[in-house]
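Q: I've got a protein model open on my screen and I'd like to learn how to read it. Can you take me through a few features, one by one?

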Amino acid sequence: MTENQWTEFVKIREDFKRRVKNWNDALKTESIVALQKELADADGVPPYPLENAVVYNTAFDGVTAESDVKLIVVGDNPGKSEQLNKNRTYLIGQSGKIAEGFFRNHAELGIDFRKDVLILNKTPVHTAKTKELVQFCKKAGKTAADIVAESQKYMALLAFRLQQLFSCEIWIVGYGELKPKGIFAGYRDCLYGLYAGLGVSESATTGSACAGRDAAGYSAVGSAKMGDFEKNVFVYQHFSMNRFSIDLKTQGGDLHTVGKLHRKEIFGK
């Protein structure tokens, strides 16, 4: 990467790390840990050590000035393996292994999943299964629910900034909860708003919510980036249970065609 890209990336990375620490400190209470375990138990998840309520992706620390960022992949939220202290890395469970296999089997893409891809989530808040986030927000109290909402908007801004910095594609994998009543609707609306040129005030990175994509609440911060959105943002099924590859094959096999199809379904564009 260029010197300017490296300098900006380091700033973004440190802010990401600091933000997650603040959220993790705010949620690291006995009641929150007990609730996360309770929700996992109710879903039939075998017991596991719960070590981080909110997870920073330490793979970002392995990025150097010599790295070549070719792609941004956005998953859902950190699962039980991702939140362990020894890992704290996104998409390293079964879904991550499937993702690695996909890129290994498609050498024509020229992408090493663990070397050339920046992996983000729609929120860094941990639950054993993504669907548990809904009950988590209902039962954990206002502070926790606010952090889940705030973190989605921050993660959307993070993806936007990194995509603009490296001029690469964003693959959003897993889109069921991006629909209007889904837990990740806030992520969808904020990301769309950024590309629509509505922007986001600086306060949104420290707690203020992004507005809905057609609502007031953004501060104008430059020209619209819808051309970048249409060129670089794609939506797919999740890698889990091999749904990404199955859907790709079912829809005809062309990555960009399938990614645009689901993008239109979710974003309307």
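What follows is a short back-and-forth on confidence, burial, aromatic pairs, strands, cysteines and backbone angles.

Q: Where should I start: how confident is the predictor in this chain?
A: Keep in mind that this is a predicted model. The pLDDT averages 90 over the chain, and 90% of the residues score at least 70.

Q: Which stretches have a pLDDT under 50?
A: Residues 201-209 make up one of them, and the model gives that stretch 11 contacts beyond four places in sequence. Residues 211-222 are also below 50, with 30 contacts beyond near neighbours in sequence.

Q: Let's go to the helices. What is the general idea for reading one?
A: An α-helix has 3.6 residues a turn, so residues three or four places apart point the same way. Now take helix H6, residues 185-195: 10 of its 11 residues are buried, so the rest of the structure largely encloses this helix. Among the buried ones are Tyr 187, Arg 188, Asp 189 and Cys 190. After H6 comes Gly 197, which has a positive phi, near 85°.

Q: And Asn 24, is that residue buried or exposed?
A: Asn 24 is buried, because its relative accessible area is 8% and the cut-off for buried is under 20%. This residue sits in helix H1, residues 3-27. Setting aside neighbours within four places in sequence, Asn 24 is in contact with Asn 52, Ala 53 and Val 54.

Q: How do I describe two aromatic rings that sit together?
A: A pair of aromatic rings is described by the distance of the centres and the angle of the planes. This structure holds 20 aromatic pairs. In one of them, Phe 16 and Tyr 56, the ring centres are 5.0 Å apart and the planes meet at 65°, so the pair is edge-to-face.

Q: Which parts of the chain does that pair tie together?
A: Phe 16 belongs to helix H1, while Tyr 56 is in the loop between helix H2 (30-42) and strand S1 (71-75), so the pair joins parts 40 residues apart in sequence. Both partners count as buried: Phe 16 has 0% relative accessibility, and Tyr 56 has 4%.

Q: Can you show me another one?
A: Sure, try Trp 23 and Tyr 154: their ring centres are 5.7 Å apart with planes at 80°, so this pair is edge-to-face. The pair links distant parts of the chain, with Trp 23 in helix H1 and Tyr 154 in helix H5 (residues 142-166), 131 residues apart. Trp 23 and Tyr 154 are both buried.

Q: Which rings are linked into a cluster?
A: Ring pairs connect Phe 102, Phe 103, Phe 113, Trp 171, Tyr 236, Phe 239 and Phe 244 into a cluster.

Q: How should I read a strand?
A: In a regular strand the side chains alternate between the two faces of the sheet. Look at strand S4, residues 233-236: Val 233 and Val 235 point one way, Phe 234 and Tyr 236 point the other way, and all are buried. Phe 234 also has a charge over its ring, since the charged end of Arg 263 sits there, 5.9 Å from the ring centre.

Q: What is the pairing between S3 and S4?
A: Strand S3 (residues 169-173) and S4 run parallel and are joined by four bridges. Within that pairing, Ile 172 stands opposite Val 235.

Q: How many disulfides are there?
A: Zero. The sulfur of Cys 137 is 16 Å from the closest cysteine sulfur, the one in Cys 190, which is too far for a bond. Cys 137 counts as buried, at 18% relative accessibility. Cys 168 is in no disulfide either, with the nearest cysteine sulfur, again that of Cys 190, 18 Å away. Cys 168 is buried too, with a relative accessible area of 4%.

Q: Last one: what should I know about phi?
A: Most residues other than glycine have a negative phi, and most peptide bonds are trans. Here, Ser 167 has a positive phi, near 50°. Ser 167 lies in the loop between H5 and S3 and is exposed, with a relative accessible area of 61%. Met 241 has a positive phi as well, near 55°. Met 241 is in the loop between S4 and helix H8 (243-250), and is exposed at 70% relative accessible area.

Technical notes: Residues numbered from 1 in each chain as written. Heavy atoms only, no water. Helix = DSSP H or I, 4+ residues; strand = E, 2+ residues; numbered from the N terminus. Buried < 20%, exposed > 50% of the residue type's maximum accessible area, 1.4 Å probe, protein only. Contact = heavy atoms within 4.5 Å. pLDDT = per-residue confidence, 0-100. Disulfide = S-S within 2.5 Å. Pairing = 2+ DSSP bridges. Phe/Tyr/Trp six-rings, centres within 6.5 Å; stacked < 30°, edge-to-face > 60°. Lys NZ or Arg CZ within 6 Å of the ring centre and 35° of its normal.
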